[in-house]
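Trainee: I would like to practise reading strands, helices and contacts in a model. Could you take me through one, feature by feature?

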Amino acid sequence: MHSRMEHRGIVAVLVLVVGLFAWTAAAEQVVTSTEGMVATAHELASEAGAEILAMGGNAVDAAVAAAFAITVVEPNASSLGGEGYMVISLADGRDLAIDYKSVAPGHITYEDDNDEPRRGPESTCVPGVVAGLALALEEYGTMTLAEVMAPAIRLARDGFALDPVLYDNLSNLYGYTDSGTDPIVGPVYFPDGFIPDIGVTLVQKDLAYALELIAEQGPSVFYRGEIALAIEEITEGFLRYGDLQRYQAVIRDPVVSEYRGYEVIGTPPNVAGVTVAEALNILDNFDLSPLSWDNPTAVHIVAEALKLASADRLPYVGDPDFYDVPLEGLLSEEYATARASLIDLDNAIMPTNSTPTGDPYLYMAVGEPVAVGEEVYSPSTTQLSILDSDGNAVSITQTLSSFWGSRLMVPGYGFFINDELHNFNDYNPDNLADINVHQPFKRPRTVIAPTIVRDPAGEVFMVVGTPGAGRIPSTVVLTIINVIDFGMSLEEAILAPKFCSRVAYKELRMEGGYPQETLDALAALGHTVKADYDEVDLYFGGINAILVEDGVMTGVGSFRRDGGAAAP
Amino acid sequence: MYRRNLRLLVAALSVMVFAFAGAALAQETEPVEEEAFGTPVLIVSVGQSAGAQQAKVLAIKAGLDYVFEQRPDLSLLEEKQTLILVMGASSKGLGAAGVDIEGEIAWATDLVARARELEMTVIAMHIEGGSRRGPTSDQIITALTPLADYIVVKGANPDIEWTESEEANANADGLFDTIAAEHEIAIAYIAKTLDGVGVLIDLFGIEATE
């Protein structure tokens, strides 16, 4: 049995050894390879994953490495104090999902008001990132936690050049923390009282220490050790040691559906894999291939399918540990056909009040439909897509909820805690059937949708996902359609203008770049078109994806958020 | 042409020398004997970036008698002696304020006009370096800087080698030099944001707080 000092030494050696591989994997925005691929929102996280692939690690090893690394280089959008969902498709045919969403603390009651504050201790939920990544590695990886965490530790300890995206986010944090004077955050990011310049080496020693502890002791130090105690202290007991002790990530069956002969593997409830699958199932009733991405009929049909799928999400998709979600019905082809029959090619369905909710129970065992409650999501999330040369694929979406989460940093450990609590609904006695009201240890419903697509031959075809809050399902569906129906390259599919259609929005929100005649035609169909967004607008997400064609992998880091792809 | 130009030029020359040489030299340089700028000062943001908040920190460190308001009503100019416009565009900040860039520039132009009616001195400050240069920030810079009596910029003095990172240099293209020359405005260059403390100390003739 190694002593703690010996463990620390082993971690240090591993950090050095893994670092020697750094030169093998330079990230760019678009990369092709036959040896494996990692695409994330930051080139350094992609390189971290590629390092692990180069060392012989599989996609899960690389995914965990990249996921820890992204918490260092994109601390505003992902953190040890955050949550996430992972979809894994293994070369041996197994598909699975790892749910490491946060959970509400144990003391929460129906009567608690979770709308305010959206910052500070009372906005937090028990984080899941460390448990989820450790579980994935333990069950499906081939390397140790210390080995895969080495790149992240190196980035935190030795620092990295501050990039323009993080600079902008630090500028916002400067304001959030009273001009950087917060006694915990200030010394970490604003040591001289000012925002560091782009290019300055950003060192996060406390975060490095936290990562080293996890690397050497495993997730227990986070959930039952000194980090758990520190979380309880900084949240003033809102998150209790017992809540952290109790937390577990969960392996679940993914949602699997078929679109044009391609198998779509997505997240089960209570996130948006069901919405993506249902929308694609509805669209399978229409032949879009003769049309184009900007054809108003195509846009109309896709918009209506997304609207109908989102309408079903609110009453039916809840935490599966609390509710029996009618998945069989929601994902059935017959149900999709019934929903598709509601699409009028000449008239748009008005969103919200009149968008019909279906009854998936008609297509499965008897159950009772529930009423609609609505949430507002933060767009502050990150996507990681990984594929190895054996055909193992991983898609992860990870988040703090808002950028910088609760804005509460755990002192001495250098990471922010999420502000996920607002993703629940308040208890409403007039809507007793709302399935997203906060309850002790419940997971809040959100819209993340990491996805893997297999081609008709059963090979991994696409690994995709995006940040973007309510725009996530639309952006994922449009990216898939752009490739499969409209024959675009991955780069084209990602760059092509996107739109968002969902019941929570009164308008059809369209990114800049659609022809005016398309916008006019959609308005004539009855859509309320909101088209005052820029071209390549971050509002519509930041897709990081991988596409495989003829054995060649193409990785694309998001154009809307300066992502990067890297290969071993 | 403003009556204070000669005094401003003297102040500018001494400030440029010490600001670029660093804090140690600043302690050895004699401060400007005459107080060129008056207090209290109103610090505002034009563009709603984090630059103004950093300017506030500079003011605190300098011991300046100041009022900070990100985007004030014109009435806040009353009983102030100097207006500091801290320039830098943030789409998030402008969005939060509910204004577009044209509206922001129009408001700031009105602010300067009112400051002139009150016989205030105006300082145009850009202290976020090259990180805060771009089409929208440049609209602000070209519109407002010519209206100022004095310029403070984090960027390269054309006569002195720039040793900081290129990203920190807001004057790499000489935009501020061009404006200063065309409009005969005194200009101070700083290499690090913290150097702005010394500039304020010297401009306002106050004792350093650290």
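Trainee: How many residues of β15(A) are buried?

Mentor: A residue counts as buried if 20 or more other C-beta atoms, placed from the backbone, lie within 10 Å of its own, as exposed if 12 or fewer do, and as partly exposed in between. For β15(A), 5 of the 5 residues are buried, so the strand is largely enclosed by the rest of the structure. Bear in mind that this is a predicted model, in which local features need pLDDT of at least 70 and side-chain atom pairs count only at pLDDT 80 or more, while totals for chains, interfaces and linings use all residues. Residues are numbered from 1 along each chain as its sequence is written, and chains are lettered from A and ligands numbered from 1 in the order in which they are written.

Trainee: Which strands pair with β15(A)?

Mentor: Strands of a sheet pair through backbone hydrogen bonds, either parallel or antiparallel. Here two strands pair if DSSP finds at least two bridges between them; strands are DSSP runs of E with at least two residues, helices are runs of H or I with at least four, and both are numbered from the N terminus. β14 (residues 451-454) and β15 (residues 460-464) of chain A pair in the antiparallel sense over 4 bridges, with Thr451(A) opposite Val464(A). β15(A) is also joined to β19(A) by 2 bridges, again antiparallel, and there Val463(A) has Ile546(A) as its bridge partner.

Trainee: What connects β14(A) to β15(A)?

Mentor: The two strands form a hairpin with 5 residues between them, and Gly458(A) in the turn has a positive phi of about 90 degrees. There is also a hairpin of β3(A) and β4(A), with 5 residues between the strands, in which Gly93(A) takes a positive phi near 100 degrees. β3 (residues 83-89) and β4 (residues 95-100) of chain A are antiparallel over 6 bridges, and Ile88(A) stands opposite Leu96(A). β4(A) pairs with β7 (residues 250-252) of chain A as well, antiparallel over 3 bridges, placing Ile98(A) opposite Ile251(A).

Trainee: Back to β15(A): what is the strand order of its sheet, and which strands stand at the edges?

Mentor: The sheet is open, has 7 strands with antiparallel pairing, and follows the order β1-β20-β19-β15-β14-β9-β8 in chain A. β1 (30-33) and β8 (255-259) of chain A are the edge strands; each has a single partner strand, so one side of each is left without a neighbour in the sheet. Neighbouring strands are turned against each other by 20 degrees on average, direction ignored.

Trainee: Which helices lie on this sheet?

Mentor: Two terms help first. Residues are in contact if their C-beta atoms, placed from the backbone, lie within 7 Å. Axes are lines fitted to C-alpha atoms, for helices over the stretch in contact, and angles run from 0 to 180 degrees between N-to-C directions. Helix α12 (residues 273-283) of chain A lies across β8, β9 (262-266) and β14 of chain A, at about 20 degrees to β8(A). Helix α16 (residues 472-484) of chain A touches β8, β9, β14, β15 and β19 (545-549) of chain A, and its direction makes about 150 degrees with that of β15(A).

Trainee: How does α13(A) pack against α16(A)?

Mentor: Helix α13 (residues 296-316) of chain A and α16(A) pack at about 140 degrees, with axes 11 Å apart. That makes α13(A) oblique to α16(A); angles under 35 degrees count as roughly parallel, over 145 as roughly antiparallel, 65 to 115 as roughly perpendicular and the rest as oblique. In α13(A), Val302(A), Leu306(A) and Ser310(A) meet residues of α16(A), including Val477(A) and Ile481(A). The contact divides into 6 nonpolar, 2 polar and no charged residues. Ala, Val, Leu, Ile, Met, Phe, Trp, Tyr, Cys and Pro count as nonpolar, Asp, Glu, Lys and Arg as charged, and the others, Gly among them, as polar.

Trainee: What about chain B, and where do α3(B) and α8(B) meet?

Mentor: Chain B has 8 helices and 6 strands, and 50% of its 210 residues count as buried. Leu58(B), Ala59(B), Lys61(B) and Ala62(B) in α3(B) meet Gly196(B), Val197(B), Leu200(B) and Ile201(B) in α8(B). By class, that contact has 6 nonpolar, 1 polar and 1 charged residues.

Trainee: How many residues of chain A are in contact with chain B?

Mentor: 13 residues of chain A are in contact with 15 of chain B. The chain A side has 5 nonpolar, 6 polar and 2 charged residues.

Key. Two residues are in contact if their C-beta atoms, placed from the backbone, lie within 7 Å.
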